[in-house]
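The following paragraphs lead through a single protein chain, beginning with one residue and widening to the elements around it. Please keep the sequence and the model in view while reading.

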Amino acid sequence: MKIKKGSNFIVSRLDKVVLILVSIFCCHSNEIFFFCVYFIDIDPINYYRKFMDIPSDRPIKSKSELTNLTIPVLILANKFDVIHPIEYSLFYERNIENAIYYELTPKTVDAEKHKMEIDTYINTFIIDSQK
């Protein structure tokens, strides 16, 4: 089946699948619920290429390069990010000497709080890095 950009059939079908999955799993597991919420957005259908490029788009290719970083590094993560699993963030925190780590409220839980946390953590990081 070919997927055409803006296809109402695909959007309708995708929404129904997500609603079924959400209704089945939302009472059993928050992780599954938040994973399913990502599929309500049809952008991955229209812009799928970025999801293929993300894994190869990384500035650090090996663990040994991390130990050479001497600048302060800010790490913001949340446990429901399906593209960037939190284990990666924790790995960077453990392996970068000057890493500062914050766990964010996921956008799917509270978008306003998520944005406020990002702004706060970035501002704090910038101010503290200038001391």
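Lysine 115 is found in helix H7. The model is a predicted one, and in it lysine 115 has a relative accessible area of 49%, so it is classed as partly exposed. Along the chain, lysine 115 stands ten residues from threonine 105, and their C-alpha atoms are 8.9 Å apart in space.

What does the side chain of lysine 115 meet in a salt bridge? The partner is aspartate 119, with a distance of 3.0 Å from N to O. Since a salt bridge requires a side-chain nitrogen of Lys or Arg within 4 Å of a carboxyl oxygen of Asp or Glu, the pair satisfies the criterion at 3.0 Å. Side chains of opposite charge can pair when their charged atoms come close. Both lysine 115 and aspartate 119 belong to helix H7, where they are four residues apart, about one turn of the helix. An α-helix has 3.6 residues a turn, so residues three or four places apart point the same way. Aspartate 119 has a relative accessible area of 35% and is therefore partly exposed. The count of salt bridges by this rule comes to one.

Glutamate 117 also lies in helix H7, which covers residues 111-129. Is glutamate 117 buried or exposed? Glutamate 117 is buried, yet it has no salt bridge. The nearest side chain of opposite charge is that of lysine 113, 4.2 Å away, whereas the rule asks for a separation within 4 Å. When neighbours within four places in sequence are left aside, the contacts of glutamate 117 are with Glu103, Leu104 and Thr105.

The helix that holds these residues can now be considered as a whole. At 1.5 Å a residue, the 19 residues of H7 should span 27 Å, and the end C-alpha atoms are indeed 27 Å apart, so the two values agree. The buried residues of H7 are His114, Glu117, Tyr121 and Phe125. Because these buried residues fall within an arc of 65 degrees when seen down the axis of H7, they line one face of the helix. The face turned away from the buried side carries the exposed residues Glu112 and Ile127. Strand S1 (73-77) and strand S2 are included in what covers the buried residues of H7.

Valine 73 offers a view from the strand side. This residue is placed in strand S1, and its relative accessibility is 18%, so valine 73 counts as buried. Which residues does valine 73 contact, leaving aside its neighbours within four places in sequence? They are Ile96, Asn98, Ala99, Ile100 and Phe125. With Phe125, the C-alpha separation is 8.7 Å, although valine 73 and phenylalanine 125 are 52 residues apart along the chain.

Helix H6 can be examined in a similar way. Its buried residues are Ile86, Ser89 and Asn95. What covers these buried residues of H6 includes helix H5 (63-66), S1 and S2. Strands S1 and S2 thus appear in the cover of H6 and also in that of H7.

Between helix H6 (86-95) and strand S2 (99-103) runs a loop, and glutamate 97 has its place there. Glutamate 97 has a relative accessible area of 70%, so it is exposed. Its C-alpha atom is 7.4 Å from that of leucine 69, although 28 residues separate the two in sequence.

The overall architecture provides the setting for these details. The protein contains seven helices and two strands, and from the N terminus on the elements run α-α-α-α-α-β-α-β-α. Of its 131 residues, 21% are buried. Among contacts between residues at least 6 apart in sequence, 61% join residues at least 24 apart. The accessible surface comes to about 9800 Å², with 59% of it belonging to carbon and sulfur atoms.

Note on methods: Residues numbered from 1 in each chain as written. Predicted model: local features only at pLDDT ≥ 70, side-chain atom pairs only at ≥ 80, totals over all residues. Heavy atoms only, no water. Buried < 20%, exposed > 50% of the residue type's maximum accessible area, 1.4 Å probe, protein only. Lys, Arg positive; Asp, Glu negative; His and termini not counted. Contact = heavy atoms within 4.5 Å. Areas by Shrake-Rupley, 256 points an atom, 1.4 Å probe, with all protein chains shown as cover. Expected span 1.5 Å × (residues − 1). Arc of directions from axis to C-beta.
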